[in-house]
Amino acid sequence: MFDNVLLLITSVAMFLDSTIRLFLWKYMTKNKFKSFIYILFSGIPIIVFVHFKQHLTLFYLSYFILCILQNIVIPSDKSNINHSVRIRFVMYCSIHLTTIGVFALTTNYTLSDVLTLDNIFLICTCITSFIFSLLRFFGLMIRKNSTFDINSGQIKEFQYLYNFLNINIIYIFVEALLCEFPRYLTTNLSTLLCSNILSILLVSCYIESLLKILNENKAKNLNIELSKSLGDYNIKLDKMRAHAHYDSLTGARSRIFLIQEAMRLLDNNILFSLVYIDLNRLKHINDTQGHKKGDEYLSNFVKSISSNLRADDIISRFGGDEFILLLNGCTCEDARTRLNDIRNNIKFPFSAGISDSTETKTLDALISSADKRMYLEKQKGNAYV
(Lines give C-alpha, C1' and ligand atoms only; values in the text may rest on other atoms or scores of the structure.)
Protein backbone atom coordinates (compact mmCIF):
# COMPACT_ATOMS: atom_id res chain seq x y z
CA MET A 1 0.00 0.00 0.00
CA PHE A 2 2.80 2.40 0.95
CA ASP A 3 4.58 1.56 -2.31
CA ASN A 4 1.53 2.51 -4.34
CA VAL A 5 1.10 5.78 -2.43
CA LEU A 6 4.74 6.68 -3.04
CA LEU A 7 4.41 5.76 -6.70
CA LEU A 8 1.34 7.98 -6.97
CA ILE A 9 3.01 10.92 -5.19
CA THR A 10 6.10 10.63 -7.37
CA SER A 11 4.01 10.47 -10.52
CA VAL A 12 2.09 13.56 -9.39
CA ALA A 13 5.42 15.32 -8.84
CA MET A 14 6.48 14.44 -12.39
CA PHE A 15 3.10 15.56 -13.72
CA LEU A 16 3.44 18.82 -11.78
CA ASP A 17 6.87 19.43 -13.27
CA SER A 18 5.51 19.07 -16.82
CA THR A 19 2.36 21.09 -16.08
CA ILE A 20 4.32 24.02 -14.64
CA ARG A 21 6.53 24.01 -17.70
CA LEU A 22 3.58 24.14 -20.12
CA PHE A 23 1.68 26.65 -18.02
CA LEU A 24 4.58 29.09 -17.65
CA TRP A 25 5.31 28.97 -21.37
CA LYS A 26 1.57 29.56 -22.03
CA TYR A 27 1.03 26.44 -24.14
CA MET A 28 -1.58 24.79 -21.90
CA THR A 29 -4.44 26.83 -23.33
CA LYS A 30 -3.20 26.69 -26.93
CA ASN A 31 -2.85 22.91 -27.24
CA LYS A 32 -5.03 21.32 -24.55
CA PHE A 33 -5.09 17.82 -26.05
CA LYS A 34 -1.36 17.69 -26.76
CA SER A 35 -0.65 19.15 -23.33
CA PHE A 36 -2.75 16.44 -21.67
CA ILE A 37 -0.92 13.67 -23.59
CA TYR A 38 2.45 15.19 -22.73
CA ILE A 39 1.57 15.39 -19.01
CA LEU A 40 0.25 11.82 -19.09
CA PHE A 41 3.54 10.59 -20.55
CA SER A 42 5.42 12.29 -17.70
CA GLY A 43 4.92 9.22 -15.51
CA ILE A 44 6.62 6.86 -17.99
CA PRO A 45 10.16 7.21 -16.48
CA ILE A 46 8.82 6.06 -13.09
CA ILE A 47 7.03 3.08 -14.64
CA VAL A 48 10.18 2.14 -16.55
CA PHE A 49 12.33 2.15 -13.42
CA VAL A 50 9.81 0.19 -11.33
CA HIS A 51 9.44 -2.37 -14.11
CA PHE A 52 13.19 -2.69 -14.82
CA LYS A 53 14.66 -2.93 -11.32
CA GLN A 54 17.87 -0.99 -10.57
CA HIS A 55 18.22 0.38 -14.09
CA LEU A 56 18.94 4.04 -13.46
CA THR A 57 20.24 4.37 -17.03
CA LEU A 58 16.84 3.39 -18.45
CA PHE A 59 15.17 5.89 -16.13
CA TYR A 60 17.34 8.71 -17.49
CA LEU A 61 16.91 7.51 -21.05
CA SER A 62 13.12 7.54 -20.71
CA TYR A 63 13.28 10.99 -19.12
CA PHE A 64 15.43 12.21 -22.00
CA ILE A 65 12.81 10.92 -24.46
CA LEU A 66 10.13 12.67 -22.40
CA CYS A 67 12.03 15.95 -22.77
CA ILE A 68 12.16 15.44 -26.52
CA LEU A 69 8.37 14.97 -26.62
CA GLN A 70 7.98 18.63 -25.75
CA ASN A 71 8.66 19.34 -29.43
CA ILE A 72 5.21 17.91 -30.19
CA VAL A 73 3.49 20.20 -27.69
CA ILE A 74 5.62 23.34 -28.04
CA PRO A 75 6.27 24.09 -31.72
CA SER A 76 9.44 26.09 -32.02
CA ASP A 77 12.68 26.42 -33.92
CA LYS A 78 14.56 23.10 -33.95
CA SER A 79 17.68 24.66 -32.45
CA ASN A 80 15.65 26.07 -29.53
CA ILE A 81 14.08 22.69 -28.78
CA ASN A 82 17.41 20.87 -28.83
CA HIS A 83 18.87 23.51 -26.56
CA SER A 84 15.97 23.41 -24.11
CA VAL A 85 15.99 19.58 -23.99
CA ARG A 86 19.68 19.49 -23.11
CA ILE A 87 19.43 22.09 -20.36
CA ARG A 88 16.38 20.47 -18.81
CA PHE A 89 17.85 16.98 -18.90
CA VAL A 90 21.23 17.96 -17.43
CA MET A 91 19.67 20.03 -14.64
CA TYR A 92 17.10 17.41 -13.64
CA CYS A 93 19.51 14.47 -13.66
CA SER A 94 22.22 16.41 -11.82
CA ILE A 95 19.72 17.33 -9.08
CA HIS A 96 18.46 13.73 -9.05
CA LEU A 97 21.95 12.24 -8.64
CA THR A 98 22.72 14.82 -5.94
CA THR A 99 19.52 13.91 -4.07
CA ILE A 100 20.39 10.21 -4.25
CA GLY A 101 23.91 10.91 -2.96
CA VAL A 102 22.69 13.10 -0.08
CA PHE A 103 20.09 10.47 0.89
CA ALA A 104 22.76 7.75 0.90
CA LEU A 105 25.18 9.84 2.97
CA THR A 106 22.61 10.92 5.58
CA THR A 107 21.05 7.48 6.13
CA ASN A 108 22.23 3.96 6.81
CA TYR A 109 21.46 2.95 3.23
CA THR A 110 24.14 2.34 0.66
CA LEU A 111 23.95 3.72 -2.86
CA SER A 112 22.99 0.23 -4.03
CA ASP A 113 20.13 0.16 -1.49
CA VAL A 114 18.84 3.54 -2.66
CA LEU A 115 18.65 2.32 -6.25
CA THR A 116 17.35 -1.16 -5.36
CA LEU A 117 14.57 -0.23 -2.94
CA ASP A 118 11.62 1.22 -4.83
CA ASN A 119 10.40 3.28 -1.87
CA ILE A 120 13.68 5.10 -1.36
CA PHE A 121 14.20 5.73 -5.07
CA LEU A 122 10.66 7.05 -5.43
CA ILE A 123 11.21 9.42 -2.49
CA CYS A 124 14.40 10.75 -4.09
CA THR A 125 12.68 11.15 -7.46
CA CYS A 126 9.69 12.87 -5.86
CA ILE A 127 11.96 15.32 -4.00
CA THR A 128 13.91 15.98 -7.21
CA SER A 129 10.75 16.72 -9.21
CA PHE A 130 9.45 19.16 -6.62
CA ILE A 131 12.83 20.92 -6.33
CA PHE A 132 13.19 21.15 -10.10
CA SER A 133 9.62 22.46 -10.48
CA LEU A 134 10.20 25.13 -7.84
CA LEU A 135 13.51 26.17 -9.39
CA ARG A 136 11.94 26.53 -12.82
CA PHE A 137 8.87 28.30 -11.44
CA PHE A 138 10.84 30.92 -9.50
CA GLY A 139 13.45 31.19 -12.24
CA LEU A 140 10.86 31.98 -14.89
CA MET A 141 8.95 34.28 -12.55
CA ILE A 142 12.10 36.30 -11.86
CA ARG A 143 13.03 36.34 -15.55
CA LYS A 144 9.57 36.15 -17.08
CA ASN A 145 10.59 38.35 -20.01
CA SER A 146 13.64 36.22 -20.83
CA THR A 147 13.50 33.55 -23.51
CA PHE A 148 15.86 31.06 -25.10
CA ASP A 149 15.06 32.20 -28.62
CA ILE A 150 18.17 31.01 -30.44
CA ASN A 151 17.80 31.10 -34.18
CA SER A 152 19.67 28.82 -36.55
CA GLY A 153 22.13 31.59 -37.39
CA GLN A 154 23.27 31.83 -33.75
CA ILE A 155 24.06 28.13 -33.25
CA LYS A 156 27.76 28.56 -34.14
CA GLU A 157 28.09 31.35 -31.58
CA PHE A 158 26.96 28.96 -28.83
CA GLN A 159 28.81 25.89 -30.13
CA TYR A 160 31.16 25.66 -27.13
CA LEU A 161 28.23 25.91 -24.75
CA TYR A 162 26.46 23.22 -26.76
CA ASN A 163 29.52 20.99 -26.40
CA PHE A 164 29.51 21.60 -22.65
CA LEU A 165 25.93 20.34 -22.44
CA ASN A 166 26.73 17.33 -24.61
CA ILE A 167 29.63 16.37 -22.34
CA ASN A 168 27.33 16.68 -19.32
CA ILE A 169 24.75 14.41 -20.93
CA ILE A 170 27.39 11.75 -21.65
CA TYR A 171 28.76 12.11 -18.12
CA ILE A 172 25.32 11.62 -16.56
CA PHE A 173 24.71 8.40 -18.49
CA VAL A 174 28.20 7.09 -17.57
CA GLU A 175 27.59 7.96 -13.94
CA ALA A 176 24.18 6.26 -14.04
CA LEU A 177 25.84 3.08 -15.38
CA LEU A 178 28.49 3.17 -12.62
CA CYS A 179 25.81 3.62 -9.96
CA GLU A 180 24.16 0.38 -11.05
CA PHE A 181 27.21 -1.71 -10.21
CA PRO A 182 26.99 -3.22 -6.68
CA ARG A 183 30.70 -2.70 -6.14
CA TYR A 184 30.41 1.05 -6.52
CA LEU A 185 32.16 2.13 -3.27
CA THR A 186 30.44 4.28 -0.70
CA THR A 187 33.53 6.49 -0.53
CA ASN A 188 32.83 7.57 -4.07
CA LEU A 189 29.62 9.24 -2.93
CA SER A 190 31.59 12.41 -2.25
CA THR A 191 32.72 12.41 -5.88
CA LEU A 192 29.13 11.81 -6.98
CA LEU A 193 27.88 14.74 -4.91
CA CYS A 194 30.64 17.19 -5.76
CA SER A 195 30.59 16.48 -9.48
CA ASN A 196 26.84 16.91 -9.76
CA ILE A 197 26.68 19.99 -7.53
CA LEU A 198 29.39 21.45 -9.74
CA SER A 199 27.33 20.54 -12.83
CA ILE A 200 24.27 22.29 -11.35
CA LEU A 201 26.32 25.42 -10.63
CA LEU A 202 27.91 25.38 -14.09
CA VAL A 203 24.57 24.94 -15.86
CA SER A 204 23.06 27.71 -13.72
CA CYS A 205 25.92 30.05 -14.67
CA TYR A 206 25.54 28.90 -18.25
CA ILE A 207 21.81 29.73 -18.26
CA GLU A 208 22.46 33.12 -16.66
CA SER A 209 25.18 33.96 -19.20
CA LEU A 210 23.04 32.74 -22.08
CA LEU A 211 20.09 34.85 -20.99
CA LYS A 212 22.33 37.89 -20.62
CA ILE A 213 23.78 37.39 -24.12
CA LEU A 214 20.35 36.83 -25.66
CA ASN A 215 18.81 39.82 -23.87
CA GLU A 216 21.69 42.08 -24.92
CA ASN A 217 21.34 40.80 -28.47
CA LYS A 218 17.57 41.36 -28.31
CA ALA A 219 18.12 44.90 -27.00
CA LYS A 220 20.67 45.54 -29.76
CA ASN A 221 18.28 44.27 -32.43
CA LEU A 222 15.47 46.31 -30.90
CA ASN A 223 17.68 49.39 -30.98
CA ILE A 224 18.51 48.72 -34.65
CA GLU A 225 14.81 48.28 -35.45
CA LEU A 226 13.95 51.47 -33.57
CA SER A 227 16.70 53.37 -35.41
CA LYS A 228 15.43 52.02 -38.71
CA SER A 229 11.84 52.89 -37.79
CA LEU A 230 12.95 56.37 -36.73
CA GLY A 231 14.81 56.78 -40.04
CA ASP A 232 11.73 55.66 -41.98
CA TYR A 233 9.59 57.99 -39.89
CA ASN A 234 11.91 60.93 -40.61
CA ILE A 235 11.82 60.15 -44.34
CA LYS A 236 8.03 60.03 -44.26
CA LEU A 237 7.97 63.21 -42.19
CA ASP A 238 10.21 64.97 -44.72
CA LYS A 239 7.92 63.82 -47.52
CA MET A 240 4.89 65.04 -45.61
CA ARG A 241 6.57 68.38 -45.03
CA ALA A 242 7.46 68.60 -48.70
CA HIS A 243 3.87 67.84 -49.67
CA ALA A 244 2.66 70.39 -47.13
CA HIS A 245 4.86 73.03 -48.79
CA TYR A 246 3.48 72.48 -52.29
CA ASP A 247 0.05 72.61 -53.88
CA SER A 248 -0.66 69.10 -55.21
CA LEU A 249 -2.57 70.33 -58.30
CA THR A 250 -0.45 73.16 -59.67
CA GLY A 251 2.97 72.61 -58.09
CA ALA A 252 2.91 76.15 -56.67
CA ARG A 253 3.95 76.72 -53.07
CA SER A 254 1.28 76.04 -50.47
CA ARG A 255 -0.50 78.61 -48.37
CA ILE A 256 1.30 77.32 -45.26
CA PHE A 257 4.71 77.79 -46.86
CA LEU A 258 3.79 81.30 -48.05
CA ILE A 259 2.78 82.38 -44.55
CA GLN A 260 5.97 80.91 -43.01
CA GLU A 261 8.22 82.58 -45.58
CA ALA A 262 6.44 85.95 -45.39
CA MET A 263 6.67 85.92 -41.59
CA ARG A 264 10.38 85.14 -41.83
CA LEU A 265 10.93 88.12 -44.13
CA LEU A 266 8.91 90.41 -41.87
CA ASP A 267 10.72 89.26 -38.71
CA ASN A 268 14.09 89.94 -40.37
CA ASN A 269 12.99 93.32 -41.79
CA ILE A 270 13.66 92.21 -45.37
CA LEU A 271 12.03 94.30 -48.07
CA PHE A 272 9.51 92.47 -50.27
CA SER A 273 6.30 93.02 -52.19
CA LEU A 274 3.18 90.89 -51.88
CA VAL A 275 1.11 90.57 -55.08
CA TYR A 276 -2.43 89.23 -54.78
CA ILE A 277 -3.52 87.68 -58.13
CA ASP A 278 -6.95 86.56 -59.25
CA LEU A 279 -7.37 84.70 -62.58
CA ASN A 280 -10.18 86.18 -64.66
CA ARG A 281 -11.29 83.29 -66.87
CA LEU A 282 -11.26 80.21 -64.58
CA LYS A 283 -15.00 80.24 -63.75
CA HIS A 284 -15.89 80.54 -67.43
CA ILE A 285 -13.63 77.60 -68.35
CA ASN A 286 -15.04 75.43 -65.55
CA ASP A 287 -18.63 76.21 -66.61
CA THR A 288 -18.11 75.69 -70.36
CA GLN A 289 -15.32 73.09 -70.62
CA GLY A 290 -15.43 71.29 -67.28
CA HIS A 291 -13.29 71.27 -64.15
CA LYS A 292 -10.60 69.07 -65.70
CA LYS A 293 -9.85 71.82 -68.24
CA GLY A 294 -9.99 74.30 -65.39
CA ASP A 295 -7.35 72.33 -63.48
CA GLU A 296 -5.14 72.25 -66.57
CA TYR A 297 -5.62 76.02 -66.93
CA LEU A 298 -4.41 76.56 -63.33
CA SER A 299 -1.38 74.31 -63.81
CA ASN A 300 -0.39 76.00 -67.05
CA PHE A 301 -0.73 79.42 -65.45
CA VAL A 302 1.68 78.46 -62.66
CA LYS A 303 4.18 77.04 -65.17
CA SER A 304 4.00 80.20 -67.30
CA ILE A 305 4.36 82.66 -64.45
CA SER A 306 7.09 80.60 -62.73
CA SER A 307 9.26 80.85 -65.84
CA ASN A 308 9.17 84.64 -65.45
CA LEU A 309 10.15 84.70 -61.77
CA ARG A 310 13.58 84.93 -60.18
CA ALA A 311 15.01 82.08 -58.11
CA ASP A 312 14.20 83.77 -54.79
CA ASP A 313 10.65 84.79 -55.82
CA ILE A 314 7.71 82.68 -54.69
CA ILE A 315 4.35 81.91 -56.24
CA SER A 316 1.78 80.37 -53.90
CA ARG A 317 -1.74 79.15 -54.49
CA PHE A 318 -3.78 80.96 -51.86
CA GLY A 319 -7.26 79.78 -52.87
CA GLY A 320 -9.17 78.30 -55.81
CA ASP A 321 -8.09 80.76 -58.52
CA GLU A 322 -6.19 83.14 -56.23
CA PHE A 323 -2.39 83.28 -56.06
CA ILE A 324 0.12 85.35 -54.14
CA LEU A 325 3.58 86.35 -55.32
CA LEU A 326 6.37 87.22 -52.89
CA LEU A 327 8.92 89.36 -54.72
CA ASN A 328 12.11 89.84 -52.71
CA GLY A 329 13.70 93.27 -52.61
CA CYS A 330 10.83 94.93 -54.46
CA THR A 331 8.82 98.00 -53.58
CA CYS A 332 5.30 98.46 -54.95
CA GLU A 333 6.68 100.38 -57.95
CA ASP A 334 9.22 97.64 -58.68
CA ALA A 335 6.46 95.03 -58.43
CA ARG A 336 4.23 96.92 -60.91
CA THR A 337 7.05 97.08 -63.43
CA ARG A 338 7.70 93.38 -63.09
CA LEU A 339 3.99 92.52 -63.39
CA ASN A 340 3.85 94.48 -66.67
CA ASP A 341 6.72 92.37 -67.99
CA ILE A 342 5.08 89.15 -66.78
CA ARG A 343 1.75 89.98 -68.39
CA ASN A 344 3.44 90.70 -71.70
CA ASN A 345 5.08 87.27 -71.62
CA ILE A 346 2.06 85.08 -70.66
CA LYS A 347 -1.39 84.57 -72.17
CA PHE A 348 -3.38 84.41 -68.94
CA PRO A 349 -5.45 87.50 -68.00
CA PHE A 350 -5.46 88.30 -64.31
CA SER A 351 -6.19 91.10 -61.86
CA ALA A 352 -3.67 91.97 -59.18
CA GLY A 353 -3.20 94.13 -56.12
CA ILE A 354 0.15 95.03 -54.59
CA SER A 355 1.42 95.88 -51.12
CA ASP A 356 4.94 95.92 -49.72
CA SER A 357 6.56 95.37 -46.34
CA THR A 358 7.13 99.09 -45.76
CA GLU A 359 3.39 99.63 -45.29
CA THR A 360 2.88 97.45 -42.19
CA LYS A 361 4.58 94.83 -40.10
CA THR A 362 1.68 92.37 -39.94
CA LEU A 363 1.12 89.78 -42.65
CA ASP A 364 -2.68 89.87 -42.35
CA ALA A 365 -2.64 93.59 -43.05
CA LEU A 366 -0.40 93.15 -46.11
CA ILE A 367 -2.62 90.42 -47.56
CA SER A 368 -5.80 92.38 -46.80
CA SER A 369 -4.41 95.53 -48.42
CA ALA A 370 -3.30 93.69 -51.59
CA ASP A 371 -6.63 91.84 -51.75
CA LYS A 372 -8.65 95.07 -51.55
CA ARG A 373 -6.57 96.72 -54.29
CA MET A 374 -6.96 93.65 -56.50
CA TYR A 375 -10.75 93.69 -55.97
CA LEU A 376 -11.02 97.43 -56.74
CA GLU A 377 -9.07 97.06 -59.96
CA LYS A 378 -11.10 94.01 -60.92
CA GLN A 379 -14.28 96.10 -60.56
CA LYS A 380 -12.74 98.78 -62.81
CA GLY A 381 -12.13 96.09 -65.43
CA ASN A 382 -8.36 96.43 -65.52
CA ALA A 383 -6.43 93.31 -66.41
CA TYR A 384 -3.85 93.97 -63.73
CA VAL A 385 -2.65 96.74 -61.43
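Setting aside neighbours within four places in sequence, Thr99 touches Cys124, Ile127 and Thr128. Thr99 itself sits in helix H6, and in this predicted model its relative accessibility comes out at 13%, so Thr99 counts as buried, the cut-off being under 20%.

Helix H6 is a good place to pick up the main packing story. The largest nonpolar core takes in 33 residues, and those with the most contacts inside it are Leu56, Tyr60, Tyr63, Phe89, Ile100 and Val114. Two or more residues apiece come from helix H4 (56-68), helix H6 (78-106), helix H7 (111-116), helix H8 (118-142), helix H9 (159-179) and helix H10 (189-244). H6 gives the largest share of this core, with 12 residues. Tyr60 shows what the packing looks like from one side chain's point of view: leaving out neighbours within four places in sequence, Tyr60 is in contact with Phe89, Cys93, His96, Leu97, Ile172, Phe173 and Ala176. Apart from this core there is another one, made of 26 residues, including Leu282, Ile305, Leu325 and Ile346.

Helix H4 also has something to show on the surface. Leu58, Leu61 and Ile65 make up a nonpolar patch there, and together they have about 230 Å² of accessible area. Leu61 belongs to helix H4; with a relative accessible area of 40%, Leu61 is partly exposed, since that value falls between the 20% and 50% cut-offs.

On to the aromatic side chains. A pair of aromatic rings is described by how far apart the centres are and by the angle of the planes. The count of aromatic pairs comes to seven. One of these joins Tyr276 and Phe318, an edge-to-face pair at 5.9 Å centre to centre with 70° between the planes. This pair links distant parts of the chain, as Tyr276 is in strand S1 (residues 272-279) and Phe318 in the loop between strand S2 (314-317) and strand S3 (322-328), 42 residues apart. Both Tyr276 and Phe318 are buried. Tyr297 and Phe348 form an aromatic pair that is likewise edge-to-face, at 5.0 Å centre to centre and 65° between the planes. Here Tyr297 comes from helix H13 (residues 291-306) and Phe348 from the loop between helix H14 (332-345) and strand S4 (350-356), so the pair ties together parts 51 residues apart in sequence. Tyr297 and Phe348 are both buried as well. These two residues also belong to one aromatic cluster, together with Phe301, Phe323 and Phe350.

His284 offers a contrast in burial. This residue is placed in helix H12 (residues 282-289) and is partly exposed, with a relative accessible area of 48%. The C-alpha atoms of His284 and Gly294 are separated by 8.8 Å, with the two residues 10 apart along the chain.

As for the chain overall, there are 15 helices and four strands. Of the 385 residues in the protein chain, 43% are buried. Taking contacts between residues at least 6 apart in sequence, 73% join residues at least 24 apart. The protein chain exposes about 21100 Å², of which carbon and sulfur atoms supply 62%.

Notes:
Residues are numbered from 1 along each chain as its sequence is written. This is a predicted model: local features need pLDDT of at least 70, side-chain atom pairs count only at pLDDT 80 or more; totals for chains, interfaces and linings use all residues. Side-chain values use heavy atoms; hydrogens and water are left out. Buried means under 20% relative accessible area, exposed over 50%, partly exposed in between (1.4 Å probe, protein chains only). Contact means heavy atoms within 4.5 Å. Accessible areas come from the Shrake-Rupley method with a 1.4 Å probe; for residues, only the protein chains shown count as cover. A nonpolar core is a set of buried Ala, Val, Leu, Ile, Met, Phe, Trp, Tyr and Cys residues joined through side-chain atoms within 4.5 Å. Patches are made of residues with over 30% relative accessible area and no salt bridge: like charges are joined within 9 Å, nonpolar side chains (Val, Leu, Ile, Met, Phe, Trp, Tyr) within 5 Å. A salt bridge is a side-chain nitrogen of Lys or Arg within 4 Å of a carboxyl oxygen of Asp or Glu. Rings of Phe, Tyr and Trp (its six-membered ring) pair if their centres lie within 6.5 Å; planes under 30 degrees apart count as stacked, over 60 as edge-to-face and the rest as tilted.
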